[in-house]
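Biologist: Please choose one part of the model shown below and take me through it closely. I would like to know what surrounds it and how far the prediction can be trusted.

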Amino acid sequence: MARLWKIDPVAPEAAILARAAAEIVAGRLVAFPTETVYGLGGHALDTEAVRRIYQAKGRPAANPLIVHVPHEAAAAALASHWPDEAHRLATRYWPGPLSIVVPRRAIVPELVTAGGATVALRVPAHPVALGLLRAAAVPIAAPSANRSLEVSPTTARHVVDSLDDEVDLVLDAGPTAAGIESTVVDLTRRPLRILRPGPITPGELSACLEEEVLLAGPLPEGETARSPGQQARHYAPRARLEIVAADRLAPRADALLSRGASIGIVTTEATRPLSLADPNRIHAVRLSAVATEFGAGLYAALRALDEAGVDVILVAEPPATEAWLAIRDRLARASSSG
Ligand code: TXA
Ligand code: MG
C-alpha cells in the first residue's frame, strides 16, 4: 500500500518536499501533482527507478517518458542541442503545460527515451512539482500516474485507485487545474509538429515561434510513431464512449436504454435540457461550457461514471474550435475501438 501525504498545493511544506525528494533520490517512486495531471515520478538518471516506472504502469518499453526539470538550464543540460525555438518556448511557457522534444544527451538513459535519439522535457508549474524538483535536484521522469491505457489521474485518490501497490508515496495536493496532459511539441525536424495537443494550442505555439506549428497527422506508411503514446485507443474509460451531437443525445440514450444498457451522459452547461423518456435511469454529469474548465473535470467525470458501472458513456460533441482541440483529441481516443 502506498503512503499518502497531504501537502499544501499553494505553499507546499518544505519538510514534506524534502522527505519526498529523498525518496526520489533513493530510487523510489513518488506520485505528485502537476498543473495537468498527477505524475508517477522517479529519478530520471537512475535506470532501475525508470524500469520500475514502466513496470508499475504496465507501459510498453517503446513509449518514452517525459523528463521534468525545475528550469530551462536543467532542460538544456539534458539536450545535445538546445535550439533557439526551445529557448523561445521555454521563456514564454515554462513553467507550464508544454513538453519540448529535443535531441537527447547521452546521460539520459535509453530506457527513458525508449531507445530514441530525442528526449521530451518539461518544467511543470504546480508548486508541489516545482518544489519537489528543486529539493531533489535530479531530473524526474514522470508519466501520468495511471496504468497504461487508463484515463489519467487528476486527484490523489485516482492514483491510489490505479497504482496503490506500485507506488511508494503519493503527495496529495487536491485536484489538478488543467486536467488534460501537456502539449508535446517536436523541435527536432521541420515542419515543427505537435505530437500531442494539450493546454497550449497550435496557434499559441505558432505565434510564439513566428512559424507555423502543425498538428501531427496520420503517420506515413512504414514510418514509426514519433510519439508512441499516441495509439488510437488511449485515455479510455472501461465503459464504451460515444461522442454524440447534442441534438442526438436524447434519442441515442433512449435507444440504448430500451436495449437494457446502463448509460452515463456528459453534457455542458451550454447543452439544452434533454427530454429523456426515463431520466432517472441515466447517470448525468454536467461540466462547464468553458473548454479549460471542462478539461479540468473530464477525467474525474469518466472515472465516476466507470465507478457507477455504466455500459456506455455518451458525451456531447464539443465545438470544433482550437480551444477544444485537446479535449476532442482525448475523447476521440477514448471512443476509439482501435
Ligand atoms: O502533462 C503531462 O505531460 C503529464 C504530467 C505528469 O507531466 N505527463 C504525461 O506523461 O502525460 P505520459 O508519459 O503519460 O505521456 C507522455 C507522452 C506520450 O505520448 C509519449 O509518447 C510522448 O509524451 N513522448 C515522451 N517522450 C517523447 C519523445 N522523446 N519523442 C516523442 N514523444 C515523446
Ligand atoms: Mg499517460
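Modeller: The answer below begins with the basis of the model, then follows one strand and the loop after it into their surroundings.

This is a predicted model, in which local features need pLDDT of at least 70 and side-chain atom pairs count only at pLDDT 80 or more, while totals for chains, interfaces and linings use all residues. Residues are numbered from 1 along each chain as its sequence is written, chains are lettered from A and ligands numbered from 1 in the order in which they are written, and side-chain values use heavy atoms, with hydrogens and water left out.

The pLDDT (the predictor's confidence in each residue, from 0 to 100) has a mean of 94 over the protein chain, and 94% of the residues reach 70 or more. Over residues 219-224, however, the pLDDT is below 50, and beyond near neighbours in sequence this stretch has four contacts in the model; a contact here means heavy atoms within 4.5 Å. Where pLDDT is low, the predicted coordinates should not be read in detail.

The part I have chosen starts at Thr 183, which belongs to strand E9, residues 183-186; strands (E, at least two residues) and helices (H or I, at least four) are DSSP runs, numbered from the N terminus. Thr 183 has a relative accessible area of 0% and is therefore buried, a word that stands for under 20% relative accessible area, with exposed meaning over 50% and partly exposed in between (1.4 Å probe, protein chains only). The side chain of Thr 183 reaches the backbone nitrogen of Gly 198 at 3.2 Å, and, leaving aside neighbours within four places in sequence, Thr 183 is also in contact with residues including Leu 98, Ser 99, Arg 196 and Leu 205.

Further along, in the loop between E9 and E10, lies Leu 187, which is buried as well, at 8% relative accessible area. Although Leu 187 and Ile 100 are 87 residues apart in sequence, their C-alpha atoms are 7.0 Å apart in space. Beyond residues up to four places away, Leu 187 touches Ile 100 along with others, among them Pro 83, Leu 89, Val 102 and Leu 192.

Leu 89 in turn touches Leu 187 and Val 185, and its other partners include Trp 94, Leu 98 and Leu 205. In the largest nonpolar core, which has 68 residues, Leu 89 and Leu 171 touch the most other members, and helix H5 (residues 127-136) gives the most to this core, with six residues. Such a core is a set of buried Ala, Val, Leu, Ile, Met, Phe, Trp, Tyr and Cys residues joined through side-chain atoms within 4.5 Å. In soluble globular proteins, nonpolar side chains tend to be buried together.

Arg 196, one of the partners of Thr 183, also leads to ligand 1, since it is listed with Thr 36, Asn 63, His 68 and Ser 182 as the closest of the 28 residues around that ligand; a residue counts as near if one of its heavy atoms lies within 4 Å. A polar side-chain atom of Arg 196 lies 2.8 Å from an oxygen atom of ligand 1, and for Asn 63 the corresponding distance is 2.7 Å. The protein covers 97% of the 680 Å² of accessible area that ligand 1 has on its own, computed by the Shrake-Rupley method with a 1.4 Å probe.

Note on methods:
A polar contact is a pair of N or O atoms within 3.5 Å; within protein, one must be able to donate a hydrogen and the other to accept it, and residues adjacent in sequence count only if both atoms are side-chain atoms.
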